[in-house]
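Me: Please take a close look at the enclosed spaces of this model and at what lines them. Then move outward to the pocket, the rings and the cysteines.

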Amino acid sequence: MTLDLEGLNSNQRVAVEWDEGPLLVLAGPGSGKTRVLTIRVAKLVLDSPGKRFRVLGLTFTNKAAAEMRQRVEELVPDSRERVLLTTFHSFCADILRQHGSHVGIKPDFVILNQDSDREGVLGDAITAVSRKGIDTDKNDMKLLPMIDRLLSNAVPESQVARLVQDQDFAWKLSALYTEYRRQLISNNRLDFSSLLIIAYNLLTEKPAIAKQIRTIYAHICVDEFQDTNLVQYLVLKAIVGDDPQNLFVVADDDQIIYQWNGASPERLNSLRDDFKMSVVQLPANYRCPPEVIVLANRLIQHNLERAADKEPLYAIKEETTAQVVRIQKFPTMDDELGWVAEDIATQHGGDTGECAILARTKRILESAVAKMQARGIAASLTIRKTEFASAPFRWLHAVLRLANARSDREQLRRLCKAFFEIEGVDLDVQEITADAARVGGDLLRCWFETALVRDGVDGNTVKFLESGQRNIVNRLNVLGFSQSAFTWFAEQDKKLGTYTEEGFADYNEEKSIWENLQQRVVDKYGRDELTLNTFLQEFDLSEKSAPIPANAVRCLTIHSSKGMEFRHVYLIGLAEDELPSFQSIKKGDKSREMQEERRNCFVAITRAQESLTITYAVRYRGWDKKPSRFLSEMGLV
């Protein structure tokens, strides 16, 4: 089997066929970088029949990893044994499942994705530190973001005090940082940031593990490298080692828009210097009309922190007679958003699902959604969800988590609460805990035994619980238990009572989310290799956001729109203090913050496939605003 490379342009083909050491592909928006990356992965597999090495592909979102897996599978069916395409967090979770015992982590560790859970860990750390004689107060709960930054920057515990001038505060912060990490490990829990740094510590403290990974994964490919924070980069360096001959990285310094999360232009420079990488550029844009590319080039040339040899974008699409770029000015934000709603209705009334409204902040988007809905147009504001909201899926998730950690009282509490919302029967947490203590502490087994004999439990529910007890308590059959739970949920949904109506409010939506996530995990690991630990950890690393209705106008922050494309883009709120932000203006026109705001604008306009409409108002929320400086930089005002 051979790959057809005829559809690639010359630069894309050079990248796909590269075999002369580490390579950095500087890929502009709409340049076909995902295609290049997936074809390269497929080619590495096809060019090495009979070989046992694997190809590792690292990216930043589960959605991107799933898309790459699908594309590679289409090119090379049954390639799962030779390829792992995953996220940094998921890969680090794999490392800790296999080798975490060296640093005190057991394979069934829990990933905390809720701020409330992490605040609970910090609260325990504060209590422990205060017992050692260190003064603490209620405001110390606000230190969680600072602890996050320390973790993301891989700051050793011994170095924290040196970073703070106030020595009393430095002593307390250092103690809390150390105790927070200790609390996580001792309770076999990890949050997103500690997952990465503990994996990094493991790889550096036990170099034989990193060497084993390099033996298994002879080729390492990284997508969207510009989004890496420091600890992710350190993980990559630890995996790659001193001889990165087979490192292939795709990045774009013009799309660094996550500085607040640790991304940095310097990191791309460090990559080039640390690994002595050759560079191939992909400036050809297949997405945007030429008029948009002209604006993008004018805008981004004002940024100082760009690669000195960065080539300007050029459009593959030909110019048309249609008006591609429009700019509209309004007296107030209300007028602006009202016009956008009316324009979408009249210009794209039968094609609203192909339209996107982009803005710097969610606040203005919420007003845009209200205007759209008042005009009778379906509109969807993407909201990040990390947990399920409906009672059925809160119950199912709690059961699986309790099956994984049989003494977790918090999961028992959630399980009992959700069961009451589904069935209308109240099971007492204290009673179950006391009963379980007498028979070995298995809270899940005791919950099932209690529910099966409790008066008021429906007959169909009893049958489900009897089979479910065998499936999940005794056999840990995750997929079988989940499938039978869906049947029970459907039966409960049909006979909605007063106790179930609110609990089932998001049921159909979340059923689709659960099934999609479950299929993604099965596709990644295979049914035979899937364990309860892996299933739960992948779920906890994944968003639970609702799918977008096909006919709805997408309303997204610019950060959320990255990696997407839309036929018709409306970029709203292009005024000073909105885009760019007030904070970046305070920092100054040459500041890193202003350059990131400019990259935000660059990303937004390069989402457009056919048309770009830019709007701004003179007055927002009662305050007069000037037109965004980015409008003049693009030559629009």
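Reply: What follows starts with the cavities and works outward.

This is a predicted model, in which local features need pLDDT of at least 70, side-chain atom pairs count only at pLDDT 80 or more, and totals for chains, interfaces and linings use all residues. Residues are numbered from 1 along each chain as its sequence is written, and side-chain values use heavy atoms, with hydrogens and water left out.

**Cavities**

The terms come first. On a 1 Å grid over the protein atoms alone, a cavity is a set of points where a 1.4 Å probe fits but cannot get out. A pocket is an open set with protein on both sides within 12 Å along at least five of seven lines. Lining residues have an atom within 4 Å of a point. Points are joined across faces, edges and corners, and a volume is the space filled by probe spheres set on the points.

The count is 3 cavities of 30 Å³ or more. The largest cavity has a volume of about 60 Å³. Its lining includes Asn62, Ala65 and Arg69. Leu85, Thr86 and Thr87 also line the largest cavity, as do Arg520, Val521 and Lys524. Glu538 and Ser542 are in that lining too. Helix α3 (62–75), strand β3 (83–87) and helix α21 each supply at least two of these residues. Helices (H or I, at least four residues) and strands (E, at least two) are DSSP runs, numbered from the N terminus. The lining of the largest cavity divides into 3 nonpolar, 4 polar and 4 charged residues. Here Ala, Val, Leu, Ile, Met, Phe, Trp, Tyr, Cys and Pro count as nonpolar, Asp, Glu, Lys and Arg as charged, and the others, Gly among them, as polar.

The second largest cavity holds about 40 Å³ of space. Phe109, Val110, Ile111, Arg401 and Asn404 are among its lining residues, and so are Leu536, Gln537 and Asp540. Strand β4 (110–112), helix α15 and helix α22 (532–540) each give at least two residues to the lining of the second largest cavity. The most, 3 residues, come from α22. By class, the lining of the second largest cavity has 4 nonpolar, 2 polar and 2 charged residues.

Helix α22 deserves a look of its own. Of its 9 residues, 9 are buried (under 20% relative accessible area, with exposed over 50% and partly exposed in between; 1.4 Å probe, protein chains only). Helix α22 is therefore largely enclosed by the rest of the structure. Among its buried residues are Leu536, Gln537, Glu538 and Asp540. Glu538 lines the largest cavity, whereas Leu536, Gln537 and Asp540 line the second largest cavity.

**The second largest pocket**

Now the open space. The second largest pocket has a volume of about 590 Å³. Its lining has 19 residues, and Arg54, Asp94, Gln98, Tyr217 and Tyr525 lie nearest its centre. Helices α4 (88–99), α9 (207–216) and α21 (507–525) each supply at least two lining residues. The largest share, 6 residues, comes from α4. The lining of this pocket splits into 7 nonpolar, 5 polar and 7 charged residues. Helix α21 thus appears in two linings: it contributes to this pocket and to the largest cavity.

**Rings**

Rings of Phe, Tyr and Trp (its six-membered ring) pair if their centres lie within 6.5 Å; planes under 30 degrees apart count as stacked, over 60 as edge-to-face and the rest as tilted. The count comes to 28 aromatic pairs. In one of them, the ring centres of Phe393 and Phe489 are 5.4 Å apart and the planes are at 70°, so the pair is edge-to-face. Phe393 lies in α15 (residues 391–404) and Phe489 in α20 (residues 478–494), so the pair ties together parts that are 96 residues apart in sequence. Phe393 is buried, at 0% relative accessibility. Phe489 is buried as well, at 0%.

Charges also sit over rings (NZ of Lys or CZ of Arg within 6 Å of the ring centre and within 35 degrees of the ring normal). The charged end of Arg82 sits over the ring of Phe53, 4.9 Å from its centre. Lys511 lies over the face of Phe486, at 5.3 Å from the ring centre.

**Cysteines**

A search of the whole structure finds 0 disulfides (pairs of cysteine sulfur atoms within 2.5 Å). Cys221 is in no disulfide, and the nearest cysteine sulfur, that of Cys92, is 17 Å away. Cys221 is buried, with a relative accessible area of 1%. For Cys555, the closest cysteine sulfur is in Cys355, 10 Å away and too far for a bond. Cys555 is buried, at 0%.
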